[in-house]
Amino acid sequence: MIPRLLLFPCALALVACDSGASPDTTGPATDGSTSMSQSEDDGSGEDTATATTGSPQTSTTDPSTTSATTGPGTTDPTNPTETTVGDTTTDPTTGSGGGEDDSTGEPAQPPPPVGEADLLPWVMAGNYTQWAAEAAQHPSAGPHFTAVRTFVNDIALTSLEAGNTEHPVGSALVKELYGNAPEIGGWAVMIKTQAGAGADTWYWYEWFEGSTFADGNGVSGCGNCHSAGLDYIRTTLPL
């Protein structure tokens, strides 16, 4: 049997050991632990901190306060798909203006159509009246029903001014025929359709008061009379 005096110190030692138990961890978290939780990185490089209420904070921009400046090279805020780059429009009522066609180099006054079916309506519409013209009607030097007035397109005019002995294809002249009346009674037309010399390189047409007197290339009566001119053009400068 162990004496009671020896058991008593051991009991005191056990009580002392129990008094050093681990600290209570059931209390509230410290401020330090809360701060660490809010600044944790989720690995994506972005801050995942949330407000203390647990709701994520959202930042918005009021579009009504956003201003934009329009002008050359800027985007219209009312139509973000359209960008203005200065004024590049062309007035459809005026086109590219007179002179030569910049894209083809073709003259602004091409010759009229060949053949009575197309030519007669063309002259009746006055399509030649913008050409260079004699100042007034005058007595004809040939059998063209007394009084005449001649119009010359720019191809023929340039060639006449240069004194060419052979006029280029596209040269054209329209002679208004008056007879003894003040009004136009008909037209005589010549158009250079082929390169070279000879009456057959020209298309000849004459219509007066409902009758056709010439309509084709190499018409002998026209060629014989016009052979006195420079490559069959008897009209001289100045007009």
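**Close-up views of the predicted model**

**View 1. Glu-176 faces Arg-149 across a strand pair.** In this close-up, Glu-176 of β6 is the bridge partner of Arg-149. Keep in mind throughout that we're looking at a predicted model. The strands in view are β5 (residues 147-152) and β6, which pair in the antiparallel sense through six bridges. On its pairing with β7 (residues 186-192), β6 again runs antiparallel, and six bridges join the two. There, Leu-177 sits opposite Gly-186 of β7. If you trace the chain from β6 to β7, you'll pass through six residues, and the two strands make up a hairpin.

**View 2. Strand β6 is covered on both faces.** Here's β6 (residues 172-179) with its surroundings: eight of its eight residues are buried, so the strand is largely enclosed by the rest of the structure. As a reminder, side chains in a regular strand alternate between the two faces of the sheet. On one side of β6 you'll find Ala-172, Val-174, Glu-176 and Tyr-178, and on the other Leu-173, Lys-175, Leu-177 and Gly-179, with both sets buried. Charged residues are part of this picture too, since Lys-175 and Glu-176 are among the buried ones.

**View 3. Asp-154 and Leu-173, seen together.** Asp-154 belongs to helix α4 (residues 154-162). With a relative accessibility of 25%, Asp-154 counts as partly exposed, whereas Leu-173 of β6 is buried. Measure along the sequence and Asp-154 and Leu-173 are 19 residues apart; go through space, C-alpha to C-alpha, and the separation is 9.8 Å.

**View 4. A salt bridge joins Asp-231 and Lys-192.** Searching the whole structure turns up one salt bridge. The side chains involved are those of Asp-231 and Lys-192, with an N to O distance of 3.2 Å. Asp-231 comes from the segment after α5 (220-226) and Lys-192 from strand β7, so this contact ties together parts that are 39 residues apart in sequence. Are the two partners buried or exposed? Both Asp-231 and Lys-192 are buried.

**View 5. Cys-222 and Cys-225 are not bonded.** How many disulfides does the structure hold? Zero. Cys-222 shows why: the closest cysteine sulfur, in Cys-225, is 8.1 Å from its own, and that's too far for a bond. For comparison, the cut-off for a disulfide is 2.5 Å between the sulfur atoms. Cys-225 is likewise in no disulfide, with the sulfur of Cys-222 as its nearest cysteine sulfur. As for accessibility, Cys-222 is buried at a relative accessible area of 18%, while Cys-225 counts as partly exposed at 22%. The line between those two labels is drawn at 20%.

**View 6. Aromatic rings pair up across the chain.** The whole structure has seven aromatic pairs. One of them is Phe-145 with Phe-213, a tilted pair with 5.5 Å from centre to centre and 50 degrees between the planes. This pair links distant parts of the chain, as Phe-145 lies in the loop between β4 (138-139) and β5 and Phe-213 lies in strand β9 (residues 211-217), 68 residues apart. Both rings belong to partly exposed residues: Phe-145 has a relative accessibility of 27%, and Phe-213 has a relative accessible area of 46%. Now for the tryptophans: the ring centres of Trp-187 and Trp-207 are 5.9 Å apart and the planes are at 25 degrees, so this pair is stacked. The cut-off for that label is under 30 degrees. Trp-187 sits in strand β7 and Trp-207 in strand β8 (residues 202-208), which puts the partners 20 residues apart. Both Trp-187 and Trp-207 are buried. Back with the phenylalanines, ring pairs bring Phe-145, Phe-208 and Phe-213 together in a cluster.

**View 7. Helix α3 has a buried face.** Which residues of α3 (residues 116-124) are buried? They're Leu-119, Leu-120, Trp-122 and Val-123. Look down the axis of α3 and these buried residues fall within an arc of 160 degrees, so they line one face of the helix. The cover over them includes β6, β7 and β8. After α3 comes Gly-126, which has a positive phi, near 75 degrees.

Conventions:
Residues are numbered from 1 along each chain as its sequence is written. This is a predicted model: local features need pLDDT of at least 70, side-chain atom pairs count only at pLDDT 80 or more; totals for chains, interfaces and linings use all residues. Side-chain values use heavy atoms; hydrogens and water are left out. Buried means under 20% relative accessible area, exposed over 50%, partly exposed in between (1.4 Å probe, protein chains only). Helices (H or I, at least four residues) and strands (E, at least two) are DSSP runs, numbered from the N terminus. Two strands pair if DSSP finds at least two bridges between them. A salt bridge is a side-chain nitrogen of Lys or Arg within 4 Å of a carboxyl oxygen of Asp or Glu. Rings of Phe, Tyr and Trp (its six-membered ring) pair if their centres lie within 6.5 Å; planes under 30 degrees apart count as stacked, over 60 as edge-to-face and the rest as tilted. The arc is that of the directions from the helix axis to the C-beta atoms. Contact means heavy atoms within 4.5 Å.
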